[in-house]
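User: Could you take a close look at the sheet in this model, with the helices that pack on it and the side-chain pairs found there and elsewhere? I am a first-year student, so please go through it step by step.

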Amino acid sequence: MAEQRPGPQAVCLGESMAVLLPDRPGPLEAAGGFRVSVGGAESNTACGLAALGVPAAWIGGVGDDGFGRRITTDLAARGVDVSAVAVDPHRPTGLYVKETGGSALPYDLGAGRSRLHYYRTGSAASALSPALLADPAAARLLDGARLLHLTGITPALSDGCLALVRALLADRRPGRTVSFDLNWRPGLWRHRDPGVLPALLGAADVLLLGADEAEDALGTGDPHALRAMFPRPAAVVVKDSGHRATALTRDGVTTEPALAVDVVEPTGAGDAFAAGYLAGLLRGLDQRRRLRLGHLTAAGALTARGDRARPHPPLAVAALLDASEEEWAATRVTADGIVSPVPTRPAAPLGAPGTP
């Protein structure tokens, strides 16, 4: 009898989209062509978890079209389980176009800045609803998951998506942690009521918030004010851009400074941080190491083009999780790798090339 492999430990649910990436920085009208890629907060986090060795699945909806097939093929190639993705024969796959700055042309965004132009109204993912929970493939993944990851993007897509998120948050299961990343997208909420968000956020076990987006959506980015606003979650994690991340739990407050990073592009860093922090949670790391793993994974996204984090060598990650405060503060992440006083490679064996 063939050995049965365990199912995914983590399930991330939401919309993934096809992405058009310009071939050069500058305003879109100056682009000579576009490369097709894949993006989406929840699937980015699923890919980040898989890259960190956590078996992960993504559940969402795509159209019965080439972009939909591109998404599922791409995610599967990155080790993400896509067996419960709903294929809609009537609605298209969502799409966004990325614009990046860095040229001397008029209307340029500026070096290191980017803007996303969304074309997702009426997408296949927006048709998701609680009916998804009756699908055997989705039920199998959700039943076996130790972690369910949601974001504030999904309830902004449609009434059906909001009802689905509410149903998932209401379905409390022993042994399953529900994480919720605010992922504030004001454009999506323009014609919807963002007043539904506090109840959704407060129902999670782990709440992930960017200080700037929390200020915009909730009226404060202060970690202690946010903890008071959301007393139920076991952990409220507040990310203060490139400065620090703070985890507020029932056991106390842990703050860990961000790494110095030579930023190539900021898109996807929040999703990558979520993947790192949640991987640390599943591994049973303490709060300081969870925050550090989040910072390291975010740095991999900040130094890569596109939405996906560039994975760091596992030995380097392990060394930095245990580094002293001084060693951590002296570490820098660049597009070429990690520069740190912490040894991040195994010593070469005696007699190996290049050794005495």
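Analyst: What follows goes from the strands to the helices and then to the side-chain pairs.

The model is a predicted one, and its sheet is a good place to begin. Nine strands make up this open sheet, in the order E6-E4-E1-E10-E11-E12-E13-E14-E15, and their pairing is mixed. At the edges stand strand E6, residues 80–81, and strand E15, residues 252–257, each of which pairs on one side only. In general terms, strands of a sheet pair through backbone hydrogen bonds, and they do so either parallel or antiparallel. An example of the parallel kind is given by strand E1, residues 10–13, and strand E10, residues 147–151, which are joined by three bridges. Within this pair of strands, Val11 stands opposite Leu148 in E10.

Helix H8, which covers residues 269–283, packs on the sheet and touches E1, E10, E11, E12, E13 and E14, and its direction makes about 155° with that of E12. Helix H9, residues 287–302, also packs on the sheet, where it touches E13, E14 and E15, and its direction makes about 35° with that of E15.

Helix H8 also carries an aromatic pair. A pair of aromatic rings is described by the distance of the centres and the angle of the planes. A search of the whole structure finds three such pairs. One of them is formed by Phe273 and Tyr277, which are stacked, with 6.5 Å from centre to centre and 10° between the planes. Both residues lie in helix H8, four residues apart, which is about one turn of the helix. Are these two residues buried or exposed? Phe273 has a relative accessible area of 4%, so it counts as buried, and Tyr277, at 0% relative accessibility, is buried as well. Another of the aromatic pairs joins Trp184 and Trp189, which are also stacked, at 6.4 Å centre to centre with 15° between the planes, and Trp184 and Trp189 are both buried.

The charged side chains come next. Side chains of opposite charge can pair when their charged atoms come close. Over the whole structure, a search finds 17 salt bridges. One of these concerns the edge strand E15 and helix H9: the side chains of Glu256 and Arg292 meet at 2.7 Å, N to O. Because Glu256 lies in strand E15 and Arg292 in helix H9, the pair ties together parts that are 36 residues apart in sequence. Both Glu256 and Arg292 are buried.

A further salt bridge is formed by Arg172 and Asp205, whose closest N and O atoms are 2.7 Å apart. This pair links distant parts of the chain, with Arg172 in the loop between helix H4 and E11, and Asp205 in the loop between helix H5 and E12, 33 residues apart. Here the burial of the partners can be set side by side: Arg172 has a relative accessible area of 33% and is partly exposed, whereas Asp205, at 16%, counts as buried. The salt bridge between Arg91 and Asp88, at 2.9 Å from N to O, can be read in the same manner, since Arg91 is partly exposed at 37% relative accessibility, while Asp88 is buried with a relative accessible area of 11%.

Notes:
Residues are numbered from 1 along each chain as its sequence is written. This is a predicted model: local features need pLDDT of at least 70, side-chain atom pairs count only at pLDDT 80 or more; totals for chains, interfaces and linings use all residues. Side-chain values use heavy atoms; hydrogens and water are left out. Two strands pair if DSSP finds at least two bridges between them. Helices (H or I, at least four residues) and strands (E, at least two) are DSSP runs, numbered from the N terminus. Contact means heavy atoms within 4.5 Å. Axes are lines fitted to C-alpha atoms, for helices over the stretch in contact, and angles run from 0 to 180 degrees between N-to-C directions. Rings of Phe, Tyr and Trp (its six-membered ring) pair if their centres lie within 6.5 Å; planes under 30 degrees apart count as stacked, over 60 as edge-to-face and the rest as tilted. Buried means under 20% relative accessible area, exposed over 50%, partly exposed in between (1.4 Å probe, protein chains only). A salt bridge is a side-chain nitrogen of Lys or Arg within 4 Å of a carboxyl oxygen of Asp or Glu.
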